[in-house]
Amino acid sequence: MNRRRHATAAITVICALTVLASPALTLQAAAAPLPPPPPKKSLEEVREEIDDLYRKAAVATDAYNLAEEKTKEQSAEIVRLARMIVEGREKIGDLKARAGAAARAQYRNGGLPDGAQLVLTNDPQLFLDAAGRLKAGAKATTDLLGEMNRSQAELDTYAKDAGINWTKLEANRVKQAKAKKEINDRIAAAKKLESELAAEERERLRRLEEQAQLRAQTTWLGTGVLDGLAKDATAEGKKAVEFATAQIGKPYVWGAEGPGSYDCSGLTQRAWGAAGRGIPRTSQEQWRLLPHVDIKDMRPGDLIVYFKDASHIGMYVGNGAIVHAPRPGRNVTLAGAGSMAILGVVRPS
């Protein structure tokens with residue numbers, strides 16, 4: 001009994017101490033210092049982050065443009081195959097009608113084709129004539145059946161190819177949607193970073209961007225890269241340069257191919273299209289598929305591809321300059337050809 005009293009008293013004391021201690025603990029927790037805010041990024045770090053976001057948006061734009069090109073190709077192929085299927089069905093219908101007519105003629109002749117009755121004649125000449133016609137008729141029937149089989153096989157192939165192209169079409173639509181979301185997300189993030197800056201900081205950011213480009217251009221020119229470069233373009237190159245420079249001032253819009261706005265590869269593709277030369281749609285495909293030339297052999301009209309992932313492209317116009325569509329928020333403009341990291345040079349003609 002005494003033990004129980006002692007235990008009850010001990011519990012009461014502990015509870016009392018806990019109640020008394022609680023306010024002190026609460027005050028102590030409230031008085032704990034907040035974690036320090038993250039260090040503010042320098043304007044140069046912000047510039048690099050914005051550049052990185054726009055670069056990633058450019059890569060996604062290339063993926064979008066390529067998926068769009070493939071979607072167009074597959075849609076056109078599906079239409080072509082659909083026409084072939086319709087024509088094939090009409091052809092098979094015609095062959096079946098001809099085969100049915102031949103079968104009905106045989107039925108009327110007791111199961112023998114036209115001319116077979118004459119084979120039974122006692123006249124040798126009539127027999128030979130009828131036998132020849134019978135042989136020709138049999139060959140015609142065999143050819144008809146063979147043509148029907150070939151037409152049906154072709155029809156099956158067209159249907160299979162149409163199914164494959166439809167699957168690819170849907171896959172490219174998914175790629176387009178994914179790339180579109182990534183583009184919009186990257187651009188929105190870059191714009192958010194810029195919008196958080198005060199007006200004077202945005203102006204300083206612009207100057208930092210220009211200074212970085214000028215340093216890169218000056219370093220590039222200092223290598224003597226322009227020494228001995230051809231100053232004259234080919235007739236086609238001149239047309240391409242004239243078209244591209246006429247677009248100066250028009251806004252960059254990702255996925256755009258003109259006439260009111262362009263992305264970087266949309267501008268170069270349309271410029272060379274105006275010169276009568278078709279080239280691939282994306283900067284990565286232009287780099288992959290067009291003939292490469294050494295930078296020391298570069299001439300106006302050639303295309304300069306930038307960054308290791310070939311995510312940007314511009315047209316060399318001479319005197320160390322390019323015309324290009326830079327990025328969202330910028331217009332088609334002239335810039336130093338060495339103001340960005342050069343991957344290489346390609347020549348459409």
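## Tour from the sheet to the largest pocket

Select strands E1 and E6 (residues 342-346): they run antiparallel and are joined by two bridges. The model is predicted, so local features need pLDDT of at least 70 and side-chain atom pairs count only at pLDDT 80 or more, while totals for chains, interfaces and linings use all residues. Residues are numbered from 1 along each chain as its sequence is written, and side-chain values use heavy atoms, with hydrogens and water left out. Helices (H or I, at least four residues) and strands (E, at least two) are DSSP runs numbered from the N terminus.

**Stop 1: the sheet**

Within the first pair, histidine 292 has valine 346 of E6 as its bridge partner. Extend the selection to the six strands of the open sheet, in the order E1-E6-E2-E3-E4-E5, with antiparallel pairing. Its edge strands are E1 (292-293) and E5, each of which pairs on one side only. Two strands count as paired if DSSP finds at least two bridges between them. Strands of a sheet pair through backbone hydrogen bonds, either parallel or antiparallel.

Next, step along the order from E6. E6 and E2 pair in the antiparallel sense over four bridges, and valine 305 has glycine 344 of E6 as its bridge partner. E2 (residues 303-306) is also joined to E3 (residues 312-318) by four bridges, again antiparallel. Here the bridge partner of leucine 303 is methionine 315 in E3.

**Stop 2: threonine 268 and helix H6**

Keep leucine 303 and methionine 315 displayed and add threonine 268, which is in contact (heavy atoms within 4.5 Å) with both residues. Its other contacts, leaving aside neighbours within four places in sequence, are Ile279, Gln286, Ile313 and Gly314. Threonine 268 lies in helix H6 (residues 264-274). It counts as buried because its relative accessibility is 2%; buried means under 20% relative accessible area, exposed over 50%, and partly exposed in between (1.4 Å probe, protein chains only).

Now select the whole helix. Eight of the eleven residues of H6 are buried, so the helix is largely enclosed by the rest of the structure. The buried residues are Cys264, Ser265, Gly266, Leu267, Thr268, Gln269, Ala271 and Trp272. Just after H6, check the backbone of glycine 276, where phi is positive at about 85°.

**Stop 3: aspartate 232**

Go to the loop between H4 and helix H5 (235-246) and select aspartate 232. With a relative accessible area of 61%, aspartate 232 is exposed. Beyond its neighbours within four places in sequence, it is in contact with Arg299 and Pro300. Add glycine 318: its C-alpha is 8.2 Å from that of aspartate 232, although 86 residues separate the two in sequence.

**Stop 4: salt bridges**

A search of the whole structure finds 25 salt bridges, each being a side-chain nitrogen of Lys or Arg within 4 Å of a carboxyl oxygen of Asp or Glu. Three pairs can be picked one after another:

- Lysine 41 and glutamate 49 meet at 2.5 Å, N to O. Lysine 41 counts as partly exposed at 43% relative accessibility, as does glutamate 49 at 28%.
- Arginine 80 and glutamate 77 meet at 2.8 Å, N to O. Both lie in helix H2, three residues apart, about one turn of the helix. Arginine 80 is partly exposed at 38% relative accessibility, and glutamate 77 is partly exposed at 25%.
- Glutamate 196 and lysine 192 have their closest N and O atoms 2.6 Å apart. Both residues are exposed.

Then select Glu69, Lys72, Glu257, Asp263, Arg270 and Arg281 together, which are linked in a network of salt bridges.

**Stop 5: the largest pocket**

Finish by selecting Asp51, Glu209, Gln213, Phe307 and Met340, the residues nearest the centre of the largest pocket, out of 33 that line it. The elements that give two or more residues to this lining are helix H2 (43-108), helix H4 (199-221) and strand E5 (333-336). H2 gives the largest share, nine residues.

A pocket here, on a 1 Å grid over the protein atoms alone, is an open set of points where a 1.4 Å probe fits, with protein on both sides within 12 Å along at least five of seven lines; lining residues have an atom within 4 Å of a point. The largest pocket holds about 820 Å³ of space. Grid points are joined across faces, edges and corners, and the volume is the space filled by probe spheres set on the points.

Colour the lining by class to see 15 nonpolar, eight polar and ten charged residues. Ala, Val, Leu, Ile, Met, Phe, Trp, Tyr, Cys and Pro count as nonpolar, Asp, Glu, Lys and Arg as charged, and the others, Gly among them, as polar.
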